[in-house]
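Student: I would like to work through this model with you step by step, beginning with the chain as a whole and then turning to its parts.

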Amino acid sequence: MCSPREALYIVNSLHYSTGPALPSDALRQDPPILRDSSSHVVPLEPINFGISISPRLAAHSFLHLLLRRGSSDEAAKYAELMMQQGIRVHRSTTDAIVQSLCGASPTLSPSKLLDKLKARFPFTPKITNIPSHQSHSGIQAAQGILSCARRFGQERTERMYENLIYSCILQGELIVASLLFVLLVKDWEVYKARKDAKVQDQLSTDVATLREANHTRPQHPMKPPFPELYLFTTLTDGIRSAFSREPDDPGGEARLQEPLQALANLVALVDEGQLRSGHISSLISLLYNCPRTSKTVNIRRGGKEVSLEAYSYFHDFLSRLITTLKTPMPLHPSLDTRSCNALLHYALRHRFSPALTTDVLEHICVRLKPNTTTANILLHSGSLLRRTDITQAALDILRRSSDLGSVVADRLHSDHIPKPHSERGHLEVKGDKRLERGLKRLRQEEFKLPKQMVAFTPLSADVYTLVAFISHLTSTGRPGAVAEIVFKIFPELCTVDQSSSGKISPRAYRLQRRKAQEVCVHKAVQLGPHFFSALINALAKAGRTGLAERVWVLAQQAERASWIPHLARGVEPWLLPIHAYTSMVQCYVDEARR
C-alpha cells in the first residue's frame, strides 16, 4: 500500500498529463504532514505517461486514503484544491469528508467562524456577546468545503448540510446553523429565479424547443440542495432547547443573545417571503414561548441594518401573520392547519383576544379544514380563560362526533349534569399594564363561531380531548362527574367483580383478573401522564380519596410499564408530572382535615 506522499505524487502526475502548462504547485506537493524528516521540500517532477489520463479516479482514491488515516482536515484541503483545479469531486466523497469533519475535536472559536461567513453572506448580524465555549474544529473546514463546492459548481446534498447544521447545534453554534440554512434557502430561490427566467426566454423564442425540454429532466451543475423542512425543524428544536436551559444557568440571561439572533434569522426568512413553506408550526410555537427579555436582535429592513427588541419583534411578527390570514399578502406563505392551530393557541392564551380567535377560525374553515386539535384548543383555553361561550362552542362541535366514544359522549349528552353559567369569568390583575389590556380584551371582545365549522364532518376524539374535557369539568365545579368516567375507562378498578366471581373456579378467576390487569395497564400506558394528572386532580377535588388512590397506583404501574421496550407502539417512555404528586398530597391533606 502506497503512502500518502506517493499517492499524491501519482495524482499530480496524472493531473499534469492533462495540461502540461499547469503551475508546479497545482495540488501543493508537500503539506506539513507529508514533509520528509528534514522538512525539505521536494520539487515535483511529474511522471510522463505519454497520454492524457484523467486524474479523477486517482484523486478520489487519495482522498479516501486520507479519510481512512483520520486526516479529515487534509482531505478537506485537497478536495478544495481539486475543485479549484476543475476536478469534479463525487458527492459521496464530499459527503464522507463533511461527515468526518463534523466529528473532529474542538479548537476554534465561534468568532472566527462568523468572520468566514461574512464574505459569503450579504448580511451577518453583529453579535456583541459571543459565547466563550470552544467551537467544533471541523465545522469551519466543513463550511469551507461546502462554500468551495458552491463557488465552483460542485454537487452538494441535503445530507451535507444536515451533518453540518446538526453539528453546529450540538456545539451551541446556533447563529452559524441558522445562517447556513438561510444561505441554503437563498441559493434555492436564486436557482428557481434563474430557471424560471430561462423558461420564459425559451417560451418567447421557440415553443417547440420548450415542449421538447419538458420531456427531459434539466441538468444544472449549480443546482443547490432543496431546503428540506426537517432541517428547519431541527433548528427550531435546537433553539427551543437553548431557551429551556439557559435561564437556569449562571449568566443565562447574557447567553440568550445567540438563540434569539438565530431565531430572528429564521423569522426574517418568513417575513421577507423567502421561505415559501407554510409548515411553520414549530416556529410559531417557539416564538410565543420565547422568554421575555430586553435583548435586541439585528435584522435588515429597507436595505439597512436595524436593531429591535427581540420579544416585541417576535410578537409583532405573529400579529402580522394573523392579519395576513384575513388580508393575504403575496410574500407570506399559505399556512397549513397545524400552523393555524398554533396561531389559534397564540390568539387565546397569549393575546387574550376572542376577535383574533374568530379571524383564525374563519381562515381555517374557509381555506383549510378544522381537526380535533382545533376543538381541543378551544375547549381547554376556554376553560382556563373562563369564557364559557368558547367552551360551549367546542362542546357543541364534539357532541356531533359520532366516533367520539361512549366515555365522553355520554357525559356530553348527560342531562343531569348542570351546564355552567353563561356569564364570563372576571380575572383581575393590577400592576401589569400589558396583562390588564389583555384581560380587558378578553372581557369586551365577542367570539363568533364560523357557520362553516358546523358543516364539517364530525371530528374524532383523542387523548387530549379527554384530558381537556376532564379539566373542563373540574374548572366548572363538577369534578364529581369525573368519577363515572373513570369506571367506563377502567372497569378493572371496581373493587368487586360481581358478574363472574361466583361462576368460575378461584384459579380461573385469578387468571382472568391478571389478564384484565395487564389490559388495564396497557391502556393506561397509552393514555399518558397528563391524563392521570388531570384525573387525580379531579378526584382529589371531588373528595374521592379511595378512588384517587386506586388511580394513583395504576398510574405508577403504567409509568414503570411505559419504559418496557415494545410494550405500546408509538408511545414514548414517560414520567408522572409533579402536578400529579401535588394533587395526591392535597387529597390526603383534605382527608386528614375531615
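Student: Of the contacts in the protein chain with a separation of 6 or more, what percentage is accounted for by residues 24 or more positions apart?

Tutor: Bear in mind that this is a predicted model. Its protein chain comes to 25 helices and four strands, and buried residues make up 46% of its 594 residues. Among the contacts with a separation of 6 or more, the share from residues 24 or more positions apart is 74%.

Student: Which element gives the largest share of the lining of the largest pocket?

Tutor: The largest pocket holds about 1,100 Å³ of space, and 34 residues line it, with His345, Arg349, His380, Tyr464 and Val467 nearest its centre. The elements that give two or more residues to this lining include α10 (229-245), α14 (337-349), α16 (372-385) and α20 (463-475). The largest share, seven residues, comes from α16.

Student: How many residues of that lining are nonpolar, how many polar and how many charged?

Tutor: Here Tyr is counted as nonpolar and Gly as polar, a convention worth keeping in mind when the pocket is described by residue class. On that basis, the lining of the largest pocket divides into four charged, 20 polar and 10 nonpolar residues.

Student: Why does the distance between the end C-alpha atoms of helix α17 agree with its number of residues?

Tutor: Helix α17 (residues 388-399) has 12 residues, and the expected span is 1.5 Å times one less than that number. The span should therefore be 16 Å, and the end C-alpha atoms are indeed separated by 16 Å.

Student: How many residues of α17 are buried?

Tutor: Buried here means under 20% relative accessible area. The residues of α17 that meet this cut-off include Thr388, Ile390, Gln392 and Leu398. The helix is mostly covered, and of its 12 residues the number buried is nine.

Student: Which residue just after α3 takes a positive phi?

Tutor: Helix α3 (residues 72-84) reaches 18 Å from its first C-alpha to its last, close to the 18 Å expected for its 13 residues. Its buried residues include Glu74, Tyr78 and Met82. Just after this helix, a positive phi of about 90° is taken by Gly86.

Student: In the hairpin of β3 and β4, which residue takes a positive phi?

Tutor: Strands β3 (residues 296-301) and β4 (residues 304-309) run antiparallel and are joined by six bridges, with Ile299 standing opposite Val306 in β4. Two residues lie between the strands of this hairpin, where a positive phi near 65° is taken by Gly302.

Terms used:
Residues numbered from 1 in each chain as written. Predicted model: local features only at pLDDT ≥ 70, side-chain atom pairs only at ≥ 80, totals over all residues. Heavy atoms only, no water. 1 Å grid on protein atoms, 1.4 Å probe; cavity = no way out; pocket = protein on both sides within 12 Å on 5 of 7 lines; lining within 4 Å. Points joined across faces, edges and corners; volume = space filled by probe spheres on them. Buried < 20%, exposed > 50% of the residue type's maximum accessible area, 1.4 Å probe, protein only. Pairing = 2+ DSSP bridges. Contact = heavy atoms within 4.5 Å.
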